[in-house]
Amino acid sequence: MASKPSGVRKYSAAACLSCKKRKVRCDNGKPRCSNCVLYDVECVFGDDGRRTSSTTKAISALKARVQELEGELRRSQVNDQPDSDSQRGEQSKHNVAGSREQQQPLPSQSISHTENDDNEGLLWNDSSMISPNSAMDASVMWNMEDPQTNWTGPVDFHGHDSNLFMVERPFFGVPLLHQAIELPQLSPLTSHPDSEIGNASQGGNTPSKTETDEHVDLSEDELASQLSTTTGFYKTGEDGHMRYYGATSTLRMTKESPLSLYSPAIRPVRSDGARNIEQAGLSWDKDADFEEHLTKLYFTWHNPFIHEVDETMYRRDREVWRAGEDTPFFSPGLENSILTTGALYSSRTHPGISGPVSEFFNARARIYLDLEMDSPSLATAQAFLVLAAHEAANCRDSRAWLYNGMAVQLITDLGLHVDAQRERQRSDGSTDDHSITNFRHRLFWAVYMDDSFYSSYHGRPSLMFNMKVHVPGPVPSTCAEWKPYWDFEERSDAVGQFDEQQLRQIPVYVAQLAMKLGRIQGQLYHATPDKSDKTLASVLAMTNDLASWHASLPSTISPEMAALPFVVILHLLFHEGIIFLHRPFLADARPIFAGNMTASQLCSNAAVEICRLLETSKAKYPLKYLNGSAVRIVIAAGTIHAYDSVVYSGPRGKQAQGHFLSAVRLLGELGTTFNSATRGLEIITSLRSEWQARRFQQSKGKRKRLGSIKQSNG
């Protein structure tokens, strides 16, 4: 083997910038080294003061390269020449060699962030999630942990040195990392002589010009930033529409979906929907007047409470859809869902519909939604919310819960849990107009409120209560001037005076209350039973918080000033919250709660107020026009009255019996609209009968024991 000549140094310790970036030896040639001549790039020595290529330029170059490779792939699929396989083999070698040239060494000490990685990610945002100007109680919603829980200390993490990790505070059960992670010592790839990639980058075999077609000048920081970012992005999904992908998903790394390699089967709603409806025997010769009647009932009585659907945008985009243009604010599934829930408030029939009208449109909505799920839109999320109300009213609790859960998942798919304006602009530079942004915010909070109420009704953990989000607080509704609309010729002689501006604030107040109720559920009902002094103090604090919120409501939306159904429901929710706060402490006879009262007294007073408000309201508006949430609230009150009528004797027991009969009557009237009210009536009456039987057996046994004692003494 020939020895190297002595006295002449072929390679310089001070390599040019291009060779440093490629991790190859530089011969320090002038004016350009041999590698720079080979790759036809500028040869620069010294510190790199140049500005690195922009991310936009790098992505454009990569996209061009991807398109070129896709073109080669398509040509190879249709090329029938005998040597096509060998050509593809050469192309494969060429691509592998080119990818090796861009391989970067692994970091050896710690993970570092670029200046663009500014921890704006939703999961790590530790600031208040509510706009500073919002009236929302941010601490109630976003700081679910004990306010005192803010501890630090070493943690043993899978056997590594515990001193390398510090816990700042609990985060959904997972510690937050307090400082940089120190990784085990890793050698660069070039230090492994057995590595194919390492050998390729050493000076033994100089790469030829044919191993790459073009050089993309991507800095190591730009590549690392793309992989290490903790924020998500909007990008085109598999259906060609914008979707939100979080930081852990590799689907976010390309701005364009690779539809050229595989295109999923997206069923068209227009053509397939009509065919599937006909096959199911649910064809409908549209009756515009009948549909408008059901639509008005929905927007008059059901929608104002939570404002799930913007009526103006719905009607506008319905015409857009009927003109043959797709829109995210209307879908056939949403239309039939609205007709389904609107039919709950009507006793009208139609000659073209056999059976209950609401079930007819419900079946149609399900067929359309099955198709829409291939490419869901904002209207699809709304449809699931509206349809869940119908399922709950008809005692199909599992389906109602699942529909609500699908709406929750859809708002993350559509990115409603993040600040849409900021994320869209960061992802593709686009922005939404103000009306669309507010639409998205209202829909997010509608889903949040429904999730809170269904969680309470089913006694299950809320899906959204612990969701880390970055959206402004709820905004007022944009509904037009509210006017009562009746099913037949019903009229009210005392509609009452009300402030139209305050009525538009109802969804904001409901959202505030939903967050407080969620906190009650999280602390008292979804944890290990705890009746310690600390828990009692927390109950007292939450009671004062609820009372302060209720007292701060404007007088113009008091039940006496505006006895509108959705205003009454707002006040009923407050009293239901009082019951839920104190029901776990019914057996505690100490007057240690708010107002020096017992928990039993507070529950009884709230239950009495619920029945009183509804008795007053039905004198102006029939109970059939209430929102379905009233059923759950009356059942909670009726259960307390049943308990009091069994446990207490004397005046309190007699009063409880009268209130219990009132709850029974209220549920009977609500049963004309909601089948769940009929079931609720059966629940509270059967509970009372069962409790009476058990009390009788206990008292009978006590009388026997007393009789035996008297005989023995005699």
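The paragraphs below lead through a predicted model, from a segment annotated in UniProt to two helix pairs and an aromatic contact.

A convenient place to begin is residues 15-45, which an unreviewed UniProt entry lists as "domain: Zn(2)-C6 fungal-type". In the model this span is 39% helix and 0% strand, and its end C-alpha atoms lie 7 Å apart. Within the numbering of this span there is also a cis peptide bond, which joins Lys-30 and Pro-31 with an omega of about 0°. Pro-31 belongs to the loop between helix 1 (17-22) and helix 2 (34-39).

Further along the chain, helix 9 (residues 288-306) packs with helix 10 (residues 311-322) at an angle of about 150°, their axes being 12 Å apart. Angles over 145 degrees count as roughly antiparallel, and helix 9 is therefore roughly antiparallel to helix 10. The crossing of helix 9 with helix 10 is right-handed. On the side of helix 9 the contact is made by Glu-291, Glu-292, Thr-295, Lys-296 and Phe-299, which meet Glu-311, Tyr-314, Arg-315, Arg-318 and Arg-322 of helix 10. Sorted by class, the residues of this contact are seven charged, two nonpolar and one polar. The loop between helix 9 and helix 10 contains His-307, a residue that has a positive phi of about 60° although it is not a glycine.

Helix 9 also takes part in an aromatic contact. The structure holds 25 aromatic pairs, and in the one formed by Trp-301 and Tyr-625 the ring centres are 4.4 Å apart and the planes stand at 25°, so this pair is stacked. Because Trp-301 lies in helix 9 while Tyr-625 lies in the loop between helix 21 (599-617) and helix 22 (629-647), the pair ties together parts that are 324 residues apart in sequence.

A second helix pair is formed by helix 14 (residues 397-413) and helix 16 (residues 434-458), whose axes come within 10 Å and cross at roughly 150°. These two helices are therefore roughly antiparallel to each other, and helix 14 passes helix 16 in a left-handed crossing. From helix 14, the residues Asp-397, Ala-400, Trp-401, Asn-404, Ala-407, Val-408 and Ile-411 meet a set in helix 16 that includes Phe-444, Val-447, Asp-450, Asp-451 and Tyr-454. The contact of helix 14 with helix 16 is made up of nine nonpolar, three polar and three charged residues, whereas that of helix 9 with helix 10 has two nonpolar, one polar and seven charged.

Methods
Residues numbered from 1 in each chain as written. Predicted model: local features only at pLDDT ≥ 70, side-chain atom pairs only at ≥ 80, totals over all residues. Heavy atoms only, no water. Axes fitted to C-alpha atoms, helices over the stretch in contact; angles between N-to-C directions. Helix = DSSP H or I, 4+ residues; strand = E, 2+ residues; numbered from the N terminus. Parallel < 35°, antiparallel > 145°, perpendicular 65-115°, else oblique. Left-handed = near helix turned anticlockwise from the far one by under 90°. Contact = heavy atoms within 4.5 Å. Nonpolar A, V, L, I, M, F, W, Y, C, P; charged D, E, K, R; others polar. UniProt positions renumbered as here; feature names shortened; annotations may be inferred. Phe/Tyr/Trp six-rings, centres within 6.5 Å; stacked < 30°, edge-to-face > 60°.
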